[in-house]
Amino acid sequence: MNSYDDKTMMTDMLASQKFIAQNYNNYATECASKQSKSKLMKILNEEHDIQFKIYEQMNAKGWYPETPAAQ
């Protein structure tokens, strides 16, 4: 049985959230109605919120450090 540490699990969670958000973004751009697009955009926003919470936790532990942008 494989055992995964917290960093590995959170890295996988972050990658999964990025994948989910990409798919919802693709679906939202293909919507044929405003109602459907609105619902998908709400879900997309929720997925981005989840992704950011995971990122914040990883960053706080030093597992996903911020890289300053070039000026």
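The expected span of a helix is 1.5 Å times one less than its number of residues. Keep that rule in mind as you look at this predicted model, because it lets you check a helix with simple arithmetic. Helix α2, residues 34–60, has 27 residues, and its first and last C-alpha atoms are 38 Å apart, close to the expected 39 Å. The chain holds two helices and zero strands, so the rule can be tried on α1 as well: its 24 residues should span 34 Å, and the 35 Å between its end C-alpha atoms agrees.

**The two helices and how they meet**

- Helix α1 covers residues 6–29, and the buried residues of α2 pack against it.
- The buried residues of α1 are M10, L14, Q17, A21 and A28.
- These buried residues of α1 pack against α2 in turn.
- On the α2 side, the buried residues are L40, L44, E47, Q51, I54, Y55 and M58.
- After α2 comes G62, which has a positive phi, near 80 degrees.

**A closer look at Q51**

- Where does Q51 sit? Its place is in helix α2.
- Why does Q51 count as buried? Its relative accessibility is 18%, and buried means under 20%.
- Which residues does Q51 touch, leaving aside those up to four places away in sequence? They are L14, Q17 and K18.
- Two of these partners, L14 and Q17, are themselves listed among the buried residues of α1.

**The chain as a whole**

- The C-alpha trace spans about 45 × 45 × 15 Å along its principal axes.
- The radius of gyration of the chain is 15 Å, whereas a compact globule of 71 residues would have one near 11 Å.
- Buried residues make up 17% of the 71 residues in the chain.
- Among contacts with a separation of 6 or more, 54% join residues 24 or more positions apart.

**Surface and charge**

- The chain has an accessible surface of about 5,900 Å².
- Carbon and sulfur atoms account for 53% of that accessible surface.
- How many charged side chains of each sign does the chain have? There are 8 positive and 9 negative ones.
- The centres of the positive and negative sets lie 8 Å apart.

Conventions: Residues numbered from 1 in each chain as written. Predicted model: local features only at pLDDT ≥ 70, side-chain atom pairs only at ≥ 80, totals over all residues. Heavy atoms only, no water. Helix = DSSP H or I, 4+ residues; strand = E, 2+ residues; numbered from the N terminus. Buried < 20%, exposed > 50% of the residue type's maximum accessible area, 1.4 Å probe, protein only. Contact = heavy atoms within 4.5 Å. Rg over C-alpha atoms; globule rule 2.2 N^0.38 Å. Areas by Shrake-Rupley, 256 points an atom, 1.4 Å probe, with all protein chains shown as cover. Lys, Arg positive; Asp, Glu negative; His and termini not counted. Charge placed at Lys NZ, Arg CZ, Asp CG, Glu CD.
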